[in-house]
Amino acid sequence: MGELSSVDWSRAQFALTAFYHFLFVPLTLGLSFVVAFMESVYVRTGSEEWRKITSFWMKLFGVNFAIGVATGLIMEFEFGTNWANYSWFVGDIFGAPLAAEGIFAFFLESTFFAVMFFGWGKVSKGFHLLSTWLVAIGSNLSAFWILVANGWMQYPVGATFNPETARNEMTSFFDVALNSFPAAKFVHTTSSGFVVSSLFVLGVSAWFLARKEHLDFAKKSFAVGAVFGLLSSLFVAFSGDESAYQVAQKQPMKLAAMEGLYRGETDAAIVAFGVLDGDKKLGDGKEGFKFEISVPYALGVMANRDFGKFTPGIEDLVYGNSEHGIEGVGAKIERGKAAVSALADFSAARKVGDAEKMQKSRAILEKNMKDFGYGYLDAPEDAVPPVATTFYSFHIMVVLGSYFTLLFALGWYMVAKKRIEEYPLFLRVCTWSIPLAYIAAEAGWTVAEVGRQPWAIQDLMPVTVAATELAGANVMISFWLFAALFTLLLAAEVKIMLKQIKLGF
């Protein structure tokens with residue numbers, strides 16, 4: 001194994017930051033609404049007990065929120081430091097939703113965050129409740145705008161390339177904001193955050209119940225977690241289906257990697273469980289699995305919303321399939337190289353004022369621009385993401401999601417029967433399942449980001465071109481510094497939360 005390059009270290013650093021940041025995001029998204037619901041019950045009933053319950057969970061939300069903001073800010077700075085080429089190429093577009101996030105969401109949640117935490121007894125109950133709801137709405141609006149930016153990277157629309165500046169420029173903010181891809185991604189991401197927060201509430205409440213402490217408080221919180229969690233889990237399944245459909249239509253290579261589908265099929269089956277063949281090579285004629293259990297027709301229906309349709313596999317997308325009208329990556333590489341060459345010719349002609357050559361080069365560039373990024377690939381196989389990482393991450397996410405649905409359903413049943421404390425083993429399972437929620441969330445994020453490799457911007461810019469030209473040693477040093485910092489922040493959050501939980505309410 002050779003020495004890691006600057007690009008490798010930049011990718012590792014951004015992945016590190018994103019993974020740490022996403023440990024805090026799901027709990028913020030869901031727990032904000034759980035707290036708002038609990039306070040609504042308090043305001044409606046006037047019960048002092050519900051006020052204490054709200055205050056308890058609000059403190060945990062506050063700790064998580066503060067550290068999440070810190071990691072998120074660092075991640076945004078990395079676009080300028082480690083990904084300068086990317087920032088230049090799409091800054092006019094990528095910056096717009098991030099600016100909207102700051103104006104319409106972050107200011108909203110940060111302003112009313114202070115009222116929510118320090119306004120007890122200082123403002124009216126109604127205004128305090130409104131502040132809590134606005135923090136919840138603002139937190140999720142932040143996620144919306146950030147996912148709009150990320151979704152544009154996955155499916156770029158509403159923009160055109162200006163060869164004079166070598167930048168993409170926005171042509172329609174509404175096309176970018178209302179892009180169907182980030183819309184599906186937002187719904188799935190936020191609902192999965194609700195599942196994480198529900199399991200957090202369920203698990204902490206179960207811990208109190210198992211210890212027979214604060215029983216009334218714990219039962220009420222457990223009930224909220226079970227009900228909110230079951231509804232969220234069912235919605236995650238629905239939103240996940242829509243998200244997968246969007247991937248099938250706009251990122252078929254990612255879908256093929258998610259299912260380990262090397263050769264396309266009509267009415268393709270979904271792999272419920274499988275072990276990939278690590279020796280499998282593209283085009284070698286071997287099957288992709290050593291062992292698999294499949295559900296017939298399910299993938300074809302999910303990907304096409306119909307029976308009798310063909311779902312392309314990795315090899316179809318790489319080498320082409322004339323029978324089903326699928327073009328291979330090789331043809332896209334040729335057009336991409338023509339576009340890259342045309343841009344260079346345009347820039348050279350512009351410097352010397354050759355208008356005729358500029359016009360000719362622009363025409364070639366515009367004709368081939370949709371495959372511009374392929375011009376930086378060396379071989380068709382370079383367009384394939386890490387299949388094993390994508391496949392196993394996807395199936396871990398699905399398996400854990402199904403498990404959470406069952407867990408919440410059992411919890412809801414026990415709440416209805418008023419028999420929660422009679423099952424100490426189940427309570428322990430609930431508590432020890434909290435880390436699994438984070439594993440599922442991180443697995444989902446891995447599918448989204450690793451599954452779209454090698455692209456920083458789908459079809460337009462590979463990651464290798466997007467990175468800043470920095471010395472590898474510099475990025476390596478900052479990687480380890482951030483690793484140490486984020487680990488300390490995570491340890492601090494866990495310690496503070498555990499201390500607060502042990503104190504009870």
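A residue is called buried when its relative accessible area is under 20%, exposed when it is over 50%, and partly exposed in between (1.4 Å probe, protein chains only). Buried residues make up 51% of the 505 residues in this protein.

The model is predicted: local features need pLDDT of at least 70, side-chain atom pairs count only at pLDDT 80 or more, and totals for chains, interfaces and linings use all residues. Residues are numbered from 1 along each chain as its sequence is written, and side-chain values use heavy atoms, with hydrogens and water left out.

**Exercise 1. Overall form**

Task: state how many helices and strands the protein has, and decide whether it is as compact as a globular protein of its length.

Solution.
- Step 1. Helices (H or I, at least four residues) and strands (E, at least two) are DSSP runs, numbered from the N terminus. The protein contains 17 helices and 8 strands.
- Step 2. The radius of gyration is taken over C-alpha atoms, and the globule rule is 2.2 Å times the number of residues to the power 0.38. The rule gives 23 Å for 505 residues and the protein has 25 Å, which is close, so the protein is as compact as a globular protein of that length.
- Step 3. Along the principal axes, the C-alpha atoms fill a box of roughly 80 × 50 × 45 Å.
- Step 4. Contact means heavy atoms within 4.5 Å. Of the contacts between residues at least 6 apart in sequence, 78% join residues at least 24 apart.

**Exercise 2. The nonpolar cores**

Task: find which residues have the most contacts inside the largest nonpolar core.

Solution.
- Step 1. A nonpolar core is a set of buried Ala, Val, Leu, Ile, Met, Phe, Trp, Tyr and Cys residues joined through side-chain atoms within 4.5 Å. In soluble globular proteins, nonpolar side chains tend to be buried together.
- Step 2. The largest core has 105 residues, and those with the most contacts inside it are Leu-31, Trp-57, Tyr-86, Phe-89, Phe-200 and Phe-222. Helix α1 (residues 6-45) gives the largest share of this core, 16 residues.
- Step 3. Another core, of 15 residues, lies apart from it and includes Phe-181, Ala-244, Leu-255 and Ala-303.
- Step 4. Look at Phe-89: beyond four places in sequence, the residues that Phe-89 touches include Phe-161, Ala-166, Met-369 and Leu-460.

**Exercise 3. A nonpolar patch on the surface**

Task: list the residues of the nonpolar patch on the surface and name the elements that each supply at least two of them.

Solution.
- Step 1. Patches are made of residues with over 30% relative accessible area and no salt bridge; like charges are joined within 9 Å, nonpolar side chains (Val, Leu, Ile, Met, Phe, Trp, Tyr) within 5 Å. A salt bridge is a side-chain nitrogen of Lys or Arg within 4 Å of a carboxyl oxygen of Asp or Glu.
- Step 2. Accessible areas come from the Shrake-Rupley method with a 1.4 Å probe; for residues, only the protein chains shown count as cover. Phe-273, Val-275, Phe-291, Ile-293, Tyr-392, Ile-396 and Ile-439 form the patch, with about 600 Å² of accessible area together.
- Step 3. At least two patch residues each come from β4 (270-276), β5 (289-295) and α13 (387-417).
- Step 4. Ile-439 sits in helix α15 (residues 434-450). Ile-439 counts as partly exposed because its relative accessibility is 42%.

**Exercise 4. Two serines in helices**

Task: are Ser-142 and Ser-393 buried or exposed, and what do they touch?

Solution.
- Step 1. Ser-142 belongs to helix α4 (residues 125-154). Its relative accessible area is 6%, so Ser-142 is buried.
- Step 2. Not counting residues up to four places away in sequence, Ser-142 touches Glu-101, Ala-105, Phe-106 and Glu-109.
- Step 3. Ser-393 is in helix α13, and Ser-393 is buried because its relative accessible area is 11%.
- Step 4. Outside its neighbours within four places, Ser-393 is in contact with Ala-443, Thr-446 and Val-447. Ser-393 and Thr-446 are 53 residues apart in sequence and 6.6 Å apart in space, C-alpha to C-alpha.

**Exercise 5. Backbone angles in loops**

Task: describe the backbone at Ala-166, Tyr-297 and Pro-454.

Solution.
- Step 1. Ala-166 is in the loop between β1 (159-162) and β2 (167-170). Ala-166 is not a glycine, yet its phi is positive, about 55 degrees.
- Step 2. Tyr-297 lies in the loop between β5 and α9 (298-304), and its phi, near 70 degrees, is also positive in a residue other than glycine.
- Step 3. Pro-454 is in the loop between α15 and β7 (455-457). The peptide bond from Gln-453 to Pro-454 is cis, with omega near 15 degrees.
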